[in-house]
Amino acid sequence: MKKEFVVIGLGRFGGSICRALAEQGMDVMAIDQDEDKVNEFLDIATHTVIANTTDESVLKNLGIRNFDHVIVAIGEDIQSSILTTLMLKEMGVNHITVKAQNDYHEKVLRKIGANHVVHPERDMGKRIAHYIVSNNVLDYLELSDEYSIVEIAVNSLLIGHSLIELDVRAKYGLNIVAIKRGKDIIVSPQADDYLEEGDILIVIGADSDINRFEKKVMTVD
Ligand code: ATP
């Protein structure tokens, strides 16, 4: 069955989520209190609504609790973001994702039961810092405060070596969960798999260990 989403707040963040969900063929209800913003989504979203979501009766009349997932993308107005999230939670909405403006905002959102709190500016800043520090880091995904997954392009120090020779598990506490080789993905690579030029390692581990690995082996090339 098709999933149904609500996006509240159609700024850059909420707007791009709304577009991406629509492109994936999902049903999206797009809500903003600003009529001009809503008009931009008339041909994109399945339904559009001009409303202030801090008004509980608005949320009830829209039957919001019947949607699978509500994304609260109200940024600047932290009070509205918190109040909207609280009411969605009280109404029993299944899954709520909220954009946080800062750490205090994030803390409150977690306390009132947001299922997923995102911090796009901060998270993107972290990802970009990884690309900047090492040319070999192609992508970076934070799993928790301490653990991440990174995609690392192999360099001349790694090409021609087997995984057992590199022994990143013992030396760095990292796990190579897959190797991307052209269009193929070698899942759970074996100790005697040799690395080839163009390979991309998908590595999981603690941030401190990933940083050590990046510094030690990836700063060449
Ligand atoms: P972005 O960085 O994603 O562009 P932002 O973090 O600067 O956005 P805002 O522009 O403050 O966030 O808010 C995003 C949208 O949320 C705006 O279009 C605004 O009109 C809308 N919005 C703010 N408060 C409410 C509310 N109570 N009900 C509905 N929409 C709201």
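Start by selecting residues 175–181 and 184–187 in this predicted model. These are strands β9 and β10, and they pair in the antiparallel sense over four bridges. For a single pair to zoom in on, pick A178, which stands opposite V187 in β10. Now look at the turn: β9 and β10 form a hairpin with two residues between them. One residue to click there is G182, which has a positive phi of about 60 degrees.

Next, bring in the rest of that sheet. Which order do its strands follow? Reading across, you get β7-β8-β11-β9-β10, five strands in an open sheet with antiparallel pairing. Colour β7 (137–142) and β10 to mark the edges; each has a single partner strand, so one side of each is left without a neighbour in the sheet. If you tilt the view, you can look for the twist: neighbouring strands here are turned by 20 degrees against each other on average, ignoring direction.

While you're here, select 147–153 and 200–206. Those are β8 and β11, which run antiparallel and are joined by seven bridges. To find one of the matched pairs, click E151 in β8 and then its bridge partner in β11, I202.

Time to zoom out. Colour residues 4–118 as domain 1 and 122–217 as domain 2. How far apart are the C-alpha centres of the two domains? They lie 35 Å apart.

Now for another sheet. This one is open too, with six strands in the order β3-β2-β1-β4-β5-β6, and its pairing is parallel. Its edge strands are β3 (47–50) and β6 (116–118), each of which pairs on one side only. From one strand to the next, the twist averages 15 degrees.

Pick out residues 4–8 and 27–32 to see β1 and β2, which run parallel with five bridges between them. Select V7 and then A30 in β2: they are bridge partners. If you're wondering what holds strands side by side, strands of a sheet pair through backbone hydrogen bonds, either parallel or antiparallel.

Last stop: the ligand. Show the residues around it and you should have 20, with R12, F13, D32, N52 and K99 coming nearest. Try colouring this shell by residue type: five are nonpolar, nine polar and six charged.

Then go through a few polar contacts one at a time:

- Q33: a polar backbone atom lies 3.3 Å from a nitrogen atom of the ligand.
- K37: here a polar side-chain atom is 3.2 Å from a ligand oxygen atom.
- E76: a backbone N or O atom sits 3.1 Å from an oxygen atom of the ligand.

Finally, switch on a surface. How much of the ligand's accessible area does the protein cover? On its own the ligand has 630 Å² of accessible area, and the protein covers 87% of that.

Terms used
Residues are numbered from 1 along each chain as its sequence is written. This is a predicted model: local features need pLDDT of at least 70, side-chain atom pairs count only at pLDDT 80 or more; totals for chains, interfaces and linings use all residues. Side-chain values use heavy atoms; hydrogens and water are left out. A residue is near a molecule or strand if one of its heavy atoms lies within 4 Å of it. A polar contact is a pair of N or O atoms within 3.5 Å; within protein, one must be able to donate a hydrogen and the other to accept it, and residues adjacent in sequence count only if both atoms are side-chain atoms. Accessible areas come from the Shrake-Rupley method with a 1.4 Å probe; for residues, only the protein chains shown count as cover. Ala, Val, Leu, Ile, Met, Phe, Trp, Tyr, Cys and Pro count as nonpolar, Asp, Glu, Lys and Arg as charged, and the others, Gly among them, as polar. Domain bounds come from an automatic or database domain assignment. Two strands pair if DSSP finds at least two bridges between them. Axes are lines fitted to C-alpha atoms, for helices over the stretch in contact, and angles run from 0 to 180 degrees between N-to-C directions.
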